[in-house]
2 protein chains.
Amino acid sequence: MSAHSHTHSDLTKNQSLVMDALSSSEGPLSAYTILDQLRDNGMRAPLQVYRALDKLVEYGLVHRLESLNAFVACRHPNCDSNKTIIFMICEACDKVNEITDAALAKNINKIAASEKFALNKSTVELRGLCPACQTD
Amino acid sequence: MSAHSHTHSDLTKNQSLVMDALSSSEGPLSAYTILDQLRDNGMRAPLQVYRALDKLVEYGLVHRLESLNAFVACRHPNCDSNKTIIFMICEACDKVNEITDAALAKNINKIAASEKFALNKSTVELRGLCPACQTD
DNA sequence: CGCAATCTTGTAATGAGATAACATCACCTA
DNA sequence: TAGGTGATGTTATCTCATTACAAGATTGCG
Ligand SMILES: [Zn+2]
Ligand SMILES: [Zn+2]
Ligand SMILES: [Zn+2]
Ligand SMILES: [Zn+2]
C-alpha cells in the first residue's frame, strides 16, 4: 500500500485512537496531551503514542509542527506531505491553518537549487494572529 | 539601545561565553551541549545558558533552529532577524547555511495577507544535503 | 554617602518532549 | 505447527526547557 492511500479503516487500534484525538481537536496537541486524553482507552505510556504518531505522519494523515513540538491532523484534502506545506499558527487561539502555494514551493526549490542544496524536507511555519483573533 | 545595535563588547560575561561557544562551532549547538563546554568557565546550570541564549536571540546575534531544538550563531552580515530567514540544514554534517531571499519573503507576506493572517514570525527550515555532502 | 530600583547571576527542583531496551502478543504463511 | 513479521506493553532513561527563590552587582537619585 502506498504511503498516501491509507484510510481510517487501515489504522491499528492505537493509531485510530490517536487519529481520533487529533481529528476532534480544534488545534495541535502534544504527544503527552494525547496520552492524557487516552488513558481511559488503554494508552499507558508515551511510546505508544509516539509510535502511532510516527505512522500517522508517515501516512500523511498527521503533520508535526516543529515550532510547537506538537501534532495536528491534516485537514487538507488530497494532501501530499511531500509537497511544501505552509502552516499558519495563531498565537492567540492556537488554531492552525494548513495551505499549499505553488509559487512558494517553486521558490523554495529554486533557492535550494541555487545553493546546490539537495532538498529533502521543507518546514514553513508562520506565527501570528488568525483573522478571528485580530480584534484591533 | 536598540535590539540590533549590540556588539560583542556589550555582552555580559555569560552571554559572551555562550556567544563564543556558538561562534567557534561549525554547526548548531543545543543548550546542554553549550553548558557542557562551559563547565570549566563557571557555567553550572541550564538556566544560565538559556538566559544568555534568550538575550542573544533577542539581539539578533543567535538564531534558534526550531526543527533541531538548537541554536546557531548568526553569520549573516547585517542580519535583520525580523526579516524572513531561510535555514538550510545539512542532515549529514549538521552545518547550517543561513540566507535571505527577497522574493520568498515577499511571497510569504503575500500568502499571509491573502489569508488575512497577521504575520509575526516566519520559520523556514530546509533539511537536506549540503553540496559537500552530496558525494553521489 | 545611603538607599532603592533594576538587572544579572547562582542553585535546586521540576516539568515537558522523546527514545532505548526488552518482553510479549497477534497474525500470516510456508 | 513452526517461524517470521509487525504491533503492543512496560520500564527506565535521556534531552530540552522553565519555575521558584536567593544573592550579587549596578545604576540613579535624595
Ligand atoms: Zn496536510
Ligand atoms: Zn486565533
Ligand atoms: Zn542571521
Ligand atoms: Zn553537509
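# Zinc site and salt bridges

Reader: Where in chain A does Cys130(A) lie?
Author: Cys130(A) lies in the segment after β5 (118-129) of chain A, and Cys133(A) is found in that segment as well. Strands are DSSP runs of E with at least two residues, helices runs of H or I with at least four, and both are numbered from the N terminus. This is a predicted model, in which local features need pLDDT of at least 70, side-chain atom pairs count only at pLDDT 80 or more, and totals for chains, interfaces and linings use all residues; side-chain values use heavy atoms, without hydrogens and water. Residues are numbered from 1 along each chain as its sequence is written, while chains are lettered from A and ligands numbered from 1 in the order in which they are written.

Reader: What makes Cys130(A) count as buried?
Author: The term means under 20% relative accessible area, with exposed over 50% and partly exposed in between (1.4 Å probe, protein chains only). Cys130(A) has 14% and is therefore buried. Cys133(A), at 23%, counts as partly exposed, and so does Cys93(A) at 28%.

Reader: Which residues does Cys130(A) touch?
Author: Leaving aside residues up to four places away in sequence, Cys130(A) touches Cys90(A), Cys93(A), Lys116(B) and Phe117(B), where contact means heavy atoms within 4.5 Å. On the same basis, Cys133(A) touches Cys90(A), Ala92(A) and Cys93(A).

Reader: What are the protein donors of the zinc ion (ligand 2)?
Author: They are the SG atoms of Cys90(A), Cys93(A), Cys130(A) and Cys133(A), lying 2.3 Å from the ion. Donors are N, O and S atoms within 2.8 Å of the metal (3.2 Å for Na, K and Ca), and sites may look incomplete because water is not among the atoms. Cys93(A) lies in the loop between β3 (85-90) and β4 (96-100) and Cys130(A) in the segment after β5, so this pair ties together parts of chain A that are 37 residues apart in sequence. The UniProt annotation "binding site", from an unreviewed entry, covers these four cysteines. They are spread over 44 residues of sequence, yet cluster in space, with a largest C-alpha distance of 8.1 Å.

Reader: Why is the arrangement of the four donor atoms around the zinc ion (ligand 2) called tetrahedral?
Author: Four donors count as tetrahedral if all angles lie between 85 and 135 degrees. Around the zinc ion (ligand 2) the angles are 107 to 112 degrees, so the arrangement meets that condition.

Reader: How do you know that the side chains of Arg39(A) and Asp36(A) meet in a salt bridge?
Author: A salt bridge requires a side-chain nitrogen of Lys or Arg within 4 Å of a carboxyl oxygen of Asp or Glu. For Arg39(A) and Asp36(A) the N to O distance is 3.7 Å, which satisfies the criterion. Arg39(A) is partly exposed at 39%, whereas Asp36(A) is exposed at 52%. In chain B, Arg39(B) and Asp36(B) also form a salt bridge at 3.7 Å.

Reader: What makes Glu66(A) buried?
Author: Its relative accessible area is 12%, so Glu66(A) falls in the buried class. The Glu66(A) side chain meets that of Arg64(A) in a salt bridge of 3.3 Å, N to O, and Arg64(A) is partly exposed at 29%.

Reader: How many salt bridges does a search of the whole structure find?
Author: The search finds 10 over all chains.

Conventions
UniProt positions renumbered as here; feature names shortened; annotations may be inferred. Tetrahedral: all angles 85-135°; square planar, octahedral: opposite > 155°, others 65-115°.
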